[in-house]
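Subject: Handover of a structure and findings

Dear colleague,

Please find the structure below, together with its sequence. The notes that follow set out what was found in it.

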Amino acid sequence: MSILTLGLLRRLTETPGGPGDERAIRDLIARALYPYVDTLHTDPMGNLIAFKRGTGASSLRVVAAAHMDEVAFMVTRIDDDGFLHVAPSGGVNPRTVLGKRVQVGPEHIPGVIAVRPPHLAKDREEFTQAPKIHELVIDIGAKDKEQAQSQVKPGHYVTFQTPFRLLGPHPPLDEDAPLPSTGRIQGKALDDRLGCAALMELLAGEPFPFDFYGVFTVQEEIGLRGARVAGNRLQPDVVFILEGTVCPDLPGPPHHKTTPPTTRLGHGPAITQVDRSHIVPPRLLQHLLRTAQTHGIPYQFKHPNAGGTDAAGFTRFRGEPAAIIATPCRYIHSPVAIADLGDFWHGIHLVRASLQTLDALFL
Ligand SMILES: [Zn+2]
């Protein structure tokens with residue numbers, strides 16, 4: 001039986017959780033995981049550490065991790081007209097945000113990222129260039145500063161307000177239905193709530209041969225900050241990072257054909273060989289590839305032209321071997337992303353099977 005229902009994935013993606021403000025998403029994960037793990041612990045930084053005792057067959061100490069935070073904004077000041085001025089918290093794609101719906105603060109106050117109407121297109125530059133992130137303002141419909149201040153405070157977080165949806169033809173499904181094994185989904189924060197969902201599924205299954213720590217990290221999007229703290233504390237023998245990653249497999253100008261896209265949707269989970277901040281040790285990489293082959297699990301390599309992950313955070317102090325397996329997500333770091341459920345489930349199967357036989361690597 002899977003822990004993952006349609007309703008659980010909906011709540012995982014729709015719950016706001018900017019870097020440093022992961023309380024709501026952490027509570028959701030902890031409540032759902034509670035029956036399946038031996039202990040749950042929140043460290044001083046806010047990382048959630050779920051411990052699942054092993055069968056005792058192996059003395060390894062294994063961590064798998066996914067980050068809870070999503071790209072967001074923080075309110076820095078409220079002006080006399082009641083508009084909210086913000087600073088980015090993580091790498092939001094500025095070309096995707098104008099006119100988009102957001103939610104502000106713990107009360108989820110609805111708002112819109114302000115945009116000037118095209119009728120005023122005298123200044124061509126404003127209408128042809130991406131907006132400057134630090135110039136964005138948010139309109140919560142307040143008539144003045146005082147009214148805005150009654151609902152929002154400086155320091156409140158702003159996240160996109162995007163409903164989760166199952167795409168394509170499918171029978172009507174209620175919220176308790178198991179998450180389908182095929183089809184595509186859209187929602188915000190698929191990076192990295194899909195990793196969180198995959199980690200929850202691994203923790204809810206049968207025990208592994210070794211003691212297993214599932215770490216739901218904080219503040220990945222602003223510099224892998226939670227992972228460093230958790231890695232230093234747990235001192236694992238090996239680390240698996242579960243991610244949502246870039247997927248630019250779009251129609252585009254011809255030069256796109258000479259550089260392969262980082263990943264392609266529907267071509268299986270993406271295995272990292274090397275990225276901008278981490279090299280997967282060859283024997284761990286070969287273990288993943290052998291496992292995929294043995295079990296007939298499709299996969300793709302992530303083209304090494306983008307990104308960094310918590311792998312660099314976890315391994316910063318002790319240099320443990322770390323693998324990275326990711327679900328490709330189109331339109332990552334924007335208000336809405338699209339991912340393939342087949343890629344997602346194959347990733348879970350690949351990680352689970354690789355963990356079951358991990359001991360052989362260390363003999
Ligand atoms: Zn991520």
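A crossing of two helices is called right-handed if the near helix is turned clockwise from the far one by less than a right angle, and left-handed if it is turned anticlockwise. Please note also that the model is a predicted one. The findings are grouped by region, beginning with the helices.

**Helices α7 and α9**

In this model, helix α7 (residues 282–295) packs against helix α9 (residues 341–356) at an angle of about 110°, and their axes are 9 Å apart. Angles of 65 to 115 degrees count as roughly perpendicular, and α7 is therefore roughly perpendicular to α9. The crossing in which α7 passes α9 is right-handed. On the α7 side, the residues that meet α9 are H287, L288, T291, A292 and H295; their counterparts in α9 are H349, L350, A353 and S354. Sorted by class, this contact of α7 with α9 has 4 nonpolar and 5 polar residues, with no charged residues.

**Helices packed on α5**

Two helices that pack with α5 are described here, α2 and α1.

Helix α2 (residues 23–33) and helix α5 (residues 190–204) have axes that come within 11 Å and cross at roughly 20°. This makes α2 roughly parallel to α5. The crossing of α2 past α5 is right-handed. I29, A32 and L33 are the α2 residues that meet C196, M200 and L203 of α5. The contact of α2 with α5 has 6 nonpolar residues, and neither polar nor charged residues.

Helix α1 (residues 6–14) packs with α5 at an angle of about 140°, with the axes 9 Å apart. At this angle α1 is oblique to α5. α1, too, passes α5 in a right-handed crossing. From α1, the contact involves L9, L12 and T13; from α5, it involves L190, R193, C196 and A197. By class, the contact of α1 with α5 divides into 5 nonpolar residues, 1 polar and 1 charged. C196 of α5 thus takes part in the contact with α2 as well as in the contact with α1.

**The closed barrel**

Which strands form the closed barrel? Its 6 strands run in the order β4-β5-β8-β7-β6-β9, with antiparallel pairing. On average, and with direction ignored, neighbouring strands of this sheet are turned by 45° against each other.

Several of its pairings can be followed residue by residue. Strand β6 (residues 101–104) is joined to strand β9 (residues 157–160) by 3 bridges, and the two run antiparallel; V104 has V158 of β9 as its bridge partner. β6 is also joined to strand β7 (residues 109–113), by 4 bridges and again antiparallel, with R101 opposite V112 in β7. The hairpin of β6 and β7 has 4 residues between the strands, and G105 takes a positive phi near 70° there. From β7, 2 bridges lead to strand β8 (residues 137–139) in an antiparallel arrangement, where I113 stands opposite I138.

**Strand β2 and its partners**

Strand β2 (residues 48–52) is largely enclosed by the rest of the structure, because 4 of its 5 residues are buried. Strand β1 (residues 39–42) runs antiparallel to β2 and is joined to it by 4 bridges. Within this pairing, I49 of β2 is the bridge partner of H41. There are 5 residues between the strands in the hairpin of β1 and β2, where G46 takes a positive phi near 115°.

β2 also pairs with strand β12 (residues 211–217), in the antiparallel sense and over 5 bridges. In β12, I49 has V215 as its bridge partner. I49 therefore links to H41 and to V215, in accordance with the general point that strands of a sheet pair through backbone hydrogen bonds.

**Residue A270**

Is A270 buried or exposed? A270, which is found in strand β14 (residues 270–271), has 26 C-beta neighbours inside 10 Å and therefore counts as buried. Apart from neighbours within four places in sequence, A270 is in contact with T245, T263, Q300, K302, A326 and P328. A270 and G244 lie 26 residues apart in sequence, while their C-alpha atoms are 9.2 Å apart in space.

Yours sincerely

Definitions and conventions
Residues are numbered from 1 along each chain as its sequence is written. This is a predicted model: local features need pLDDT of at least 70, side-chain atom pairs count only at pLDDT 80 or more; totals for chains, interfaces and linings use all residues. Axes are lines fitted to C-alpha atoms, for helices over the stretch in contact, and angles run from 0 to 180 degrees between N-to-C directions. Angles under 35 degrees count as roughly parallel, over 145 as roughly antiparallel, 65 to 115 as roughly perpendicular and the rest as oblique. Two residues are in contact if their C-beta atoms, placed from the backbone, lie within 7 Å. Ala, Val, Leu, Ile, Met, Phe, Trp, Tyr, Cys and Pro count as nonpolar, Asp, Glu, Lys and Arg as charged, and the others, Gly among them, as polar. A residue is buried if 20 or more other C-beta atoms lie within 10 Å of its own, exposed if 12 or fewer, and partly exposed in between; C-beta atoms are placed from the backbone. Two strands pair if DSSP finds at least two bridges between them.
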